[in-house]
Amino acid sequence: MRQFYSLDLLAISASLGCVPLMFLRALPTDNQWYVLAFILAFALFFIPSKFRNYLMIFAVFILSFLWSTAYSKQYLTNTITYIDKTLLVKAKVDGLNTRYLLADSSPYFIKFTLLEIDNHPLDFELPISVYWDQSQTPLAGQIWQLTLKTRVVHSYLNEGGFDSQRFAIANRNLLSAKVLKANLVSDKINIRQTVVNQATSYINLFSYRDILLALAFGDRTQLDDDNRNIMLQTGVAHLMAISGMHILLVFMICSFTVKIALFLLPQRLIYYGIPIVIGWFGAFCYAWLTGFNPPALRAILALSVWIYLRYYNYQLSAWQKINRIIAILLLFDPLMILSESFWLSCYAVISLIFLFEWIPLPRFMQHKKRWYLVRLLHLQLGLMLLLLPIQLLIFHGISMASLLTNLIAIPIISFCTFPAILLALLYTIVDCFYIALWFWFIAEQSLEWLFYCLKQLNYGWLTVCSNLYLLSISGWLLIFVLRTGCWRRFFITLLVLWIILISPLFKQQDYSWRLDMLDVGHGLAVVLHNGKSAILYDTGAKWEKSSAMQRIIIPFLQWHNLDVQGIIISHQHNDHIGGLTELQKYYPNAWLMSSSSKLNNHYHCITGNTITWDRLTLQVLWPDKLVDYAQNEDSCVLQISDGNFKLLLTGDLERNQEYQLVAKYHNKLASTFLQIPHHASNTSSSYTFINHVAPRLSFASTSRYNPWKLPSYKSIARYRELDLDFLITAKSGQISLFFNKHDWTLKTMRGEISPRWYHDWFGSLPIYE
């Protein structure tokens, strides 16, 4: 019987076998895994031979699924044992320390690999990110004995926000720790750190040292916030992160240099494979210098497969090559499937193949130098159109100037900055001071020219709401329709497809109003909205270099395309008012309400005041007077009602004020839902208060790791004793309540909205059990 499957079909099947890792609610248990493996083995032995062709494809899919889930489970098993523990370890420094020669003493994270735990050697590699605040400086290659207090990466999980747990697992960097005590065991540093030490003595002389470090060693931890924002808003950030493009540039530069050098050798010593081998070796050395970070590792593996296929003269199309390369990459590391950079890389390559095969330029434009700008414009326009779906899915928006800025940035980085950095590194290693300094200077000057252009062309970032994401595939559909001419025969079908693409724009919401308590860590941000406009109760905390508003709240509002009409500040502690200024920049017409006389209030939060917004009535229950600076006891307490359900928002109200509310309102405090006062601390949630409120559901906003150990055991115990249901954002993620006329629905990010195995609470959770 002729087999109908091919190696390419099997490669597709193997890749698809890893895809369930993205969507599984939980990894298979051991019993489930063994049952599935047994079924597969039974099928292979006992299915009739006439079905073997179909079975082979199915078997590869199942084997890939079993391998990917086993690989993921093994990583979690190796990691979870050591979460939230105090450990005595022996560890080797893996991460490059580019701060070695700086006077800056601020703490930072550096990557270690654990070798021993409590004097027991490990039989597997366990990476860990260590928060270093010691006076001594760790350098790559050194071995340290450390006393660590370990933690796990635990994501703030919200719609439209960054998923740090998924990112950490994809990069096998789930475990982190704080140093309690550090002793140097071996001070021998490795070659990579030696090169960094030599190079940083030059790099630290320049103003764009952060970009130079990112391109030379893949270290983006020191990127200046202003530079980072400009690169993001102008759409050129991808050029400053080590990727396949940079690995390919190193390969091409080394190969081209060797080809020129071969002209000086006798013909008998020339072998056509020498440039390719040396080019690959150069790319490998560069990937090694960057620490084989995941994008660089993927690129060098893909380049190796490409060279292998070319060496053995396999007659394969570009589609076949990328298909097999993706399958090999996922076989090597199934967790890559969770990496957004992996999807970006694969999607970009597929887009390039599609672009040059489906809408190629005329032959006379493909090689001549005078058509270079046309070729570059064709490339950028095509990629901008084809990459739109994944760009919206990952970044939730597009740069207004990305076409123009990439036309400028790609030639500068490719032909000037990056080659200059490579040559500077080479001459730094061989200790040619003046030549090395000259090339570092060229790289710096090229970046100055580039950033001058970027600042002039920074027209801002266009955030796109989720309703438009499906429409973004119109570019692919348009190219397909124009190239095939199918619009002549399938006009009605295409019209139906177009209607499907725009249908999310006309989707009717299935609720009358909605409440979202966002997972902002230690702080508070509650969004009340009707699908179009919103009121915010508190704005989260402002951190040292960022804020909950920037990272969580604004992305959520933009994801849902909400217009903020009002802002209510419960009191003036940072974890509640920290994002106010930034929010008002985004929504300058929003009214403000608080209990502080020093804020520019449109409405005063004083007992007896009432606001009507949409279908809701907001009645102020506390405080009874304005103050200059609102503290916990001055929290703006609101009872919100739609006529059927009541919600009590309490801020950081304390026990004494709870007693006063009970004395004043008695049973009028009764509410369907309660925002647990003061993050469920022991100084609030008195028996008297929660008995009078008698909520059907209560919820508190806390972070998993906070210095106050909130929620308090005693506070939680009171809710349990009264048999009251409660939710904590640290465990549930974003908490959403959907209200209709006579009923309501509860959804949480970890429960119903985005239940994934990589969103689990890893480690112990005694307070919630």
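Leu470, Ile473, Phe491, Ile492, Leu495, Val496, Leu497, Trp498, Ile499 and Ile500 make up a nonpolar patch on the surface of this predicted model. Together these residues offer about 900 Å² of accessible area. In soluble globular proteins, nonpolar side chains tend to be buried together. A nonpolar core of 56 residues, a five-stranded barrel and eight salt bridges are further features of the model.

**Surface patch**

- Leu497, one of the patch residues, belongs to helix α18, which spans residues 491-502.
- The relative accessible area of Leu497 is 34%, so this residue counts as partly exposed.

**Nonpolar core**

- The largest nonpolar core holds 56 residues, and Phe217 and Trp440 touch the most other members.
- At least two residues of this core come from each of α5 (191-203), α6 (209-217), α7 (225-234), α8 (244-262), α9 (274-289), α10 (294-311), α15 (402-429) and α16 (433-456).
- Helix α15 provides the largest share, with ten residues.

**Barrel**

- Five strands close into a barrel with mixed pairing, in the order β1-β2-β3-β5-β4.
- On average, neighbouring strands of this sheet are turned by 45 degrees against each other, direction ignored.
- Nine bridges join strand β2 (residues 108-117) to strand β3 (residues 120-132) in the antiparallel sense.
- Leu114 faces Leu126 of β3 across this pairing.

**Salt bridges between separate parts of the chain**

- Side chains of opposite charge can pair when their charged atoms come close.
- A search of the whole structure yields eight salt bridges.
- One of them joins the side chains of Asp133 and Lys178, with an N to O distance of 2.7 Å.
- Asp133 is in the loop between β3 and β4 (143-152) and Lys178 is in strand β5 (residues 175-186), so this pair ties together parts that are 45 residues apart in sequence.
- Both partners are partly exposed: the relative accessible area is 34% for Asp133 and 36% for Lys178.
- Another salt bridge is formed by Arg172 and Asp333, whose closest N and O atoms are 2.5 Å apart.
- This pair links distant parts of the chain, 161 residues apart: Arg172 sits in the loop between α4 (164-170) and β5, and Asp333 in the loop between α11 (318-332) and α12 (340-358).
- Arg172 is partly exposed, with a relative accessible area of 22%, whereas Asp333 is buried at 4%.

**Strand β8 and its charged residues**

- All five residues of strand β8 (residues 513-517) are buried.
- In a regular strand the side chains alternate between the two faces of the sheet.
- In β8, Trp513, Leu515 and Met517 point one way, while Arg514 and Asp516 point the other way.
- The side chains of Arg514 and Asp516 meet in a salt bridge, at 2.9 Å from N to O, and both residues are buried.
- Glu159 joins Arg514 and Asp516 in a network of salt bridges.
- β8 pairs with strand β21 (residues 735-739) in the antiparallel sense over five bridges, and Arg514 stands opposite Phe738 of β21.
- β8 also pairs with strand β9 (residues 526-529), in the antiparallel sense over four bridges, and here Asp516 stands opposite Val527 of β9.

Methods
Residues are numbered from 1 along each chain as its sequence is written. This is a predicted model: local features need pLDDT of at least 70, side-chain atom pairs count only at pLDDT 80 or more; totals for chains, interfaces and linings use all residues. Side-chain values use heavy atoms; hydrogens and water are left out. Two strands pair if DSSP finds at least two bridges between them. Axes are lines fitted to C-alpha atoms, for helices over the stretch in contact, and angles run from 0 to 180 degrees between N-to-C directions. Patches are made of residues with over 30% relative accessible area and no salt bridge: like charges are joined within 9 Å, nonpolar side chains (Val, Leu, Ile, Met, Phe, Trp, Tyr) within 5 Å. Accessible areas come from the Shrake-Rupley method with a 1.4 Å probe; for residues, only the protein chains shown count as cover. A salt bridge is a side-chain nitrogen of Lys or Arg within 4 Å of a carboxyl oxygen of Asp or Glu. Buried means under 20% relative accessible area, exposed over 50%, partly exposed in between (1.4 Å probe, protein chains only). A nonpolar core is a set of buried Ala, Val, Leu, Ile, Met, Phe, Trp, Tyr and Cys residues joined through side-chain atoms within 4.5 Å.
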